[in-house]
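Student: Could you take me on a close look at the ligand's surroundings? I'd also like to hear about any backbone spots worth checking along the way.

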Amino acid sequence: VSIKAGILGATGAVGQRFVEALSNHPWFEITALAASERSAGKTYKKAAGWRLDTAMPESVENLEVVPVDPKAVDADVVFSALPADLALKVEPEFAKAGFAVASNASSYRMEKDIPLVIPEVNPEHLGLLEVQQDARGWDGYIITNPNCSTIVMTVTLKPLMQFGLETIQVATMQAISGAGFSGVAAMAIYDNIIPYIGNEEKKMETETLKLLGEFNGSEIVPADMRVSASCNRVPVIDGHTEAIWAGMRDKPTPEEVRKAFLKFDPRLKELPSEPAKPLIVRDEIDRPQPRLDRNMGKGMSVSVGRIREGIRYIAMGHNTIRGAAGASVLNAELLHSMGKL
Ligand code: A2P
């Protein structure tokens, strides 16, 4: 298989993770790297200012960056890591022009006819694509993945649904890479915590209900539960940590919750980016930790630990892989395995 893949916002913090995820992919081949006018016309090597701890893949070094314009991009699917205001404008232009758009941007996540999907949580929501086709009449389509903090949390909530999940409280400790390369200057966060991240709390409170909601054939009925979030930026490079309080009707014991996490195996198909274990349970008293655990399952596993009465626990996942680029790629893989890409 060789599906032509373009990356929109290819030079940014999430865009570079897309390049990393797609450069040696068995199904996708990078055919276009798009970014702003500042970067267009330059080689990717020159434009990107590669910031990941891995080496830039040689195959992209000399590709010429193109503008974010459907006419300039040669691809079947585009992965979007664009800022939300720009994504709002250009993603429909790409969908109209016939591209499959797998977006990490927040702009269309809560739209009624746009699927918001985590393959391990709600693959059946892809049924919304038919609703979208009817509503918009585009030749292509848009599919989205959630906010990084929402993904890390929701992968842990799915196995708790069986106990009658009623209330979720969460306090996040989020890495700086989530703010993009120009978002939080290193000096603003050193020896510091910033107790505000854009619209992050609202995103966690609304996206979770859509993800855990039911698709009735024409729309998503949001889950009947309450989510309350408080989000903080902390001096960590990669890896979001979340302290979660989950109130459940059946009042499971910590051991029952631990067993439910261990048993969670929602894999539907053998997808290349699917981690062997979407959830890894740590029994050590001081785990999970970002530096020790963020690269588990090539950055696609969420680690949980400190499961206590309440129920209280800690979840941690790689924000720009599991929480962003890897999530979009996994969605595109699921679409391909279903014959929709
Ligand atoms: P560029 O590097 O050329 O500015 P981050 O999330 O790290 O801030 O990255 C944002 C990504 O979106 C970068 O690839 C950036 O490209 C791109 N981008 C930002 N603004 C625009 C714009 N107005 N038009 C096209 N691409 C943009």
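Tutor: Helices (H or I, at least four residues) and strands (E, at least two) are DSSP runs, numbered from the N terminus. You're looking at a predicted model: local features need pLDDT of at least 70 and side-chain atom pairs 80 or more, while totals for chains, interfaces and linings use all residues. Residues are numbered from 1 along each chain as its sequence is written, and side-chain values use heavy atoms, with hydrogens and water left out.

Now to the ligand. It has 15 residues around it (a heavy atom within 4 Å). Thr11, Ser36, Arg38, Ser39 and Phe181 are the closest of these. Sort that shell by class and you get seven nonpolar residues, seven polar ones, with Gly counted as polar, and one charged (Asp, Glu, Lys or Arg). Both domains, as set by an automatic or database assignment, take part: domain 1 (3–147 + 325–337) and domain 2 (148–318) each supply at least three residues to the shell.

What about polar contacts, meaning N or O pairs within 3.5 Å? Ser39 makes one through its side chain, where an N or O atom sits 2.4 Å from an oxygen of the ligand. Two glycines use their backbone instead: a polar backbone atom of Gly9 is 3.1 Å from a ligand oxygen, and for Gly12 the corresponding distance to a ligand oxygen is 3.2 Å. As for cover, the ligand on its own has 570 Å² of accessible area (Shrake-Rupley, 1.4 Å probe), and the protein covers 71% of that.

On to the backbone. Most residues other than glycine have a negative phi, and most peptide bonds are trans. Asp191 is worth a click, with a positive phi near 60° although this residue isn't a glycine. You'll find Asp191 in the loop that runs between helix H7 (186–189) and helix H8 (200–211).

Then come two cis peptide bonds. Arg287 and Pro288 are joined by one, with omega about 5°. To locate Pro288, go to the loop between strand S12 (279–281) and helix H10 (290–293). The bond from Gly310 to Ile311 is cis too, and its omega is near -15°. Ile311 belongs to the loop connecting strand S13 (302–308) with strand S14 (312–317).

Technical notes. Polar contact = N/O pair within 3.5 Å; in protein donor to acceptor, adjacent residues only side chain to side chain.
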